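Student: I'm new to this one, so could we walk through it slowly?
Tutor: Gladly; here it is.
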Amino acid sequence: MLREIIGFFIALILLYFPYEWCKYRHEDERSYGLKWFMTKKSSLDVIIALILTLAPLTIISINWPPQFGTGGPHNPDLLRALDMAGGGIAAAFIEETFFRGWLQTLLARHMKIYSAIFLTALIFSLSHLILITGWLRVATFFPGLIMGILRHRGGSVMPSIIYHAVCNIWAVWFMPVM
């Protein structure tokens, strides 16, 4: 119960802090990618990224060695699946707003964009260890790189939110469980 309460307050901070930052500093939310939009080009980027990542990951998950945990596909009951998918979608909005919207933008002002994307992905992956530990949680670094590139190329956090949400939904059925 305490972990859920802490998680809720962390989520509030991650979601609302970037907007309050912009308001306090009199900066346009668009400069942080916080005005959500998609172009045809960014939609295509998301589709390509999803195909190139989730197709191979699905094959890996189905053939996951049993000694490392249970691979997919999983069959959670409907309420559990909806709960997990809903949490994954909410996490995508919250985390992308903070990491790709606010943090990546700030870092890109002080370093080259691909260095900012790399550092943001690293911090993003390490943040996944705060409430739940496990070596597989650090693997979020790699999709973090993709989400950073999608945010950069699309000019908005919306492409990275969609990619992140679809990956989280995929994980409900295929993520190897430790």
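Tutor: Helices here are DSSP runs of H or I with at least four residues, and strands are runs of E with at least two, numbered from the N terminus. This is a predicted model, where local features need pLDDT of at least 70, side-chain atom pairs count only at pLDDT 80 or more, and totals for chains, interfaces and linings use all residues. Residues are numbered from 1 along each chain as its sequence is written, and side-chain values use heavy atoms, leaving out hydrogens and water.
Student: OK, what comes right after helix 1?
Tutor: Helix 1 is followed by H26, which has a positive phi, near 55°.
Student: And which residues of helix 1 are buried?
Tutor: A11, L14, P18, Y19 and C22 are buried in helix 1, where buried means under 20% relative accessible area, exposed over 50% and partly exposed in between, with a 1.4 Å probe and protein chains only.
Student: Switching topic, how many aromatic pairs are there?
Tutor: Searching the whole structure gives 11 aromatic pairs; rings of Phe, Tyr and Trp (its six-membered ring) pair if their centres lie within 6.5 Å, with planes under 30 degrees apart counted as stacked, over 60 as edge-to-face and the rest as tilted. One of them joins F99 and F124, edge-to-face, at 5.3 Å centre to centre and 75° between the planes.
Student: Where do those two sit in the chain?
Tutor: F99 is in helix 3 and F124 in helix 4 (residues 113-127), 25 residues apart, so the pair links distant parts of the chain. F99 and F124 are both buried.
Student: Which rings form a cluster?
Tutor: Ring pairs link F17, W21, F98, F99, W102 and F124 into a cluster.
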